Amino acid sequence: MCLALPSRVVARDGDDAVVEIGGVRKTVSAALVPEARVGDYVIVHVGHAIGVLDPDEAARTLALFAELEATEAMEAAGAAAAPGAADAATAAVAADPADPATGTR
């Protein structure tokens with residue numbers, strides 16, 4: 001699977017460009033997108049800018065990535081909380097050994 005990320009061009013020097021995504025800056029080859037200027041959004045794949053993006057499309061794509069990241073963080077937090085909840089339930093059953101299905105002892 002290939003993943004190409006929209007990145008903003010912050011500097012340009014010949015066939016090289018410095019791009020920024022998520023606060024991280026990286027130098028990439030811009031030889032395939034000679035039309036890309038500082039401020040433009042480009043698609044970067046394995047160290048190469050491979051296309052120029054419309055700013056609205058870049059914003060929508062970055063928003064989707066942010067939504068995925070937030071969802072993954074919430075799921076990870078839920079998974080981390082689940083063992084504690086299970087441990088608390090186990091401790092409660094040990095303290096009061098009533099059958100959880102019937103409520104009888």
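Here is a walk through this predicted model, from its overall layout to its strands, its salt bridges and its nonpolar core.

Let's start with the broad view. The protein chain holds 1 helix and 5 strands. Reading from the N terminus, the order of these elements is β-β-β-β-β-α, so the strands come before the helix in the sequence. Of the 105 residues in the protein chain, 18% are buried. The chain exposes about 7200 Å², and carbon and sulfur atoms supply 61% of that area. If you look at contacts between residues at least 6 apart in sequence, 33% of them join residues at least 24 apart.

Now follow the chain into its opening strands. Strand β1 covers residues 5–13 and strand β2 covers residues 16–21. These two run antiparallel and are joined by 5 bridges. Their hairpin has 2 residues between the strands, and Gly-14 there takes a positive phi near 65°. From β2 the path leads on to strand β3 (residues 24–29), which pairs with β2 in the antiparallel sense over 6 bridges. The hairpin of β2 and β3 also has 2 residues between the strands, with Gly-22 at a positive phi near 60°. Beside this turn, Ile-21 stands opposite Val-24 in β3. Strand β2 thus pairs with β1 and with β3.

The side chains add to this picture. What is the bridge partner of Arg-8 in β2? That partner is Glu-20, and the two residues also form a salt bridge, with their closest N and O atoms 2.7 Å apart. Because Glu-20 belongs to β2 and Arg-8 to β1, the pair ties together parts that are 12 residues apart in sequence. Glu-20 has a further salt bridge, with the side chain of Arg-25, at 3.6 Å from N to O. Arg-8, Glu-20 and Arg-25 are therefore linked in a network of salt bridges.

How exposed are the two arginines of this network? Arg-8 has 30% relative accessibility, so it counts as partly exposed. Arg-25 reaches 54%, and because the cut-off for exposed is over 50%, Arg-25 counts as exposed.

The salt bridges in the model come to 3, and one of them lies in the helix. Helix α1 spans residues 55–95 and contains both Arg-60 and Glu-57. The side chains of these two residues meet at 2.6 Å, N to O. They sit 3 residues apart, which is about one turn of the helix. Glu-57 is partly exposed, with a relative accessible area of 32%.

Finally, turn to the nonpolar side chains. In soluble globular proteins, such side chains tend to be buried together. Here the largest nonpolar core has 10 residues: Val-9, Ala-17, Val-19, Val-28, Ala-30, Val-33, Ala-36, Val-42, Val-44 and Ala-49. The elements that give two or more residues to this core are β2 and β4 (41–45).

Val-19 is a good residue to click on if you want to see these surroundings. Leaving aside neighbours within four places in sequence, Val-19 is in contact with several core members, including Val-9, Val-28, Val-42 and Val-44. The contacts of Val-19 also include Arg-8 and Arg-25, two residues that belong to the salt-bridge network with Glu-20.

Definitions and conventions
Residues numbered from 1 in each chain as written. Predicted model: local features only at pLDDT ≥ 70, side-chain atom pairs only at ≥ 80, totals over all residues. Heavy atoms only, no water. Salt bridge = Lys/Arg side-chain N within 4 Å of Asp/Glu carboxyl O. Helix = DSSP H or I, 4+ residues; strand = E, 2+ residues; numbered from the N terminus. Buried < 20%, exposed > 50% of the residue type's maximum accessible area, 1.4 Å probe, protein only. Contact = heavy atoms within 4.5 Å. Areas by Shrake-Rupley, 256 points an atom, 1.4 Å probe, with all protein chains shown as cover. Pairing = 2+ DSSP bridges. Core = buried A, V, L, I, M, F, W, Y, C linked by side-chain atoms within 4.5 Å.
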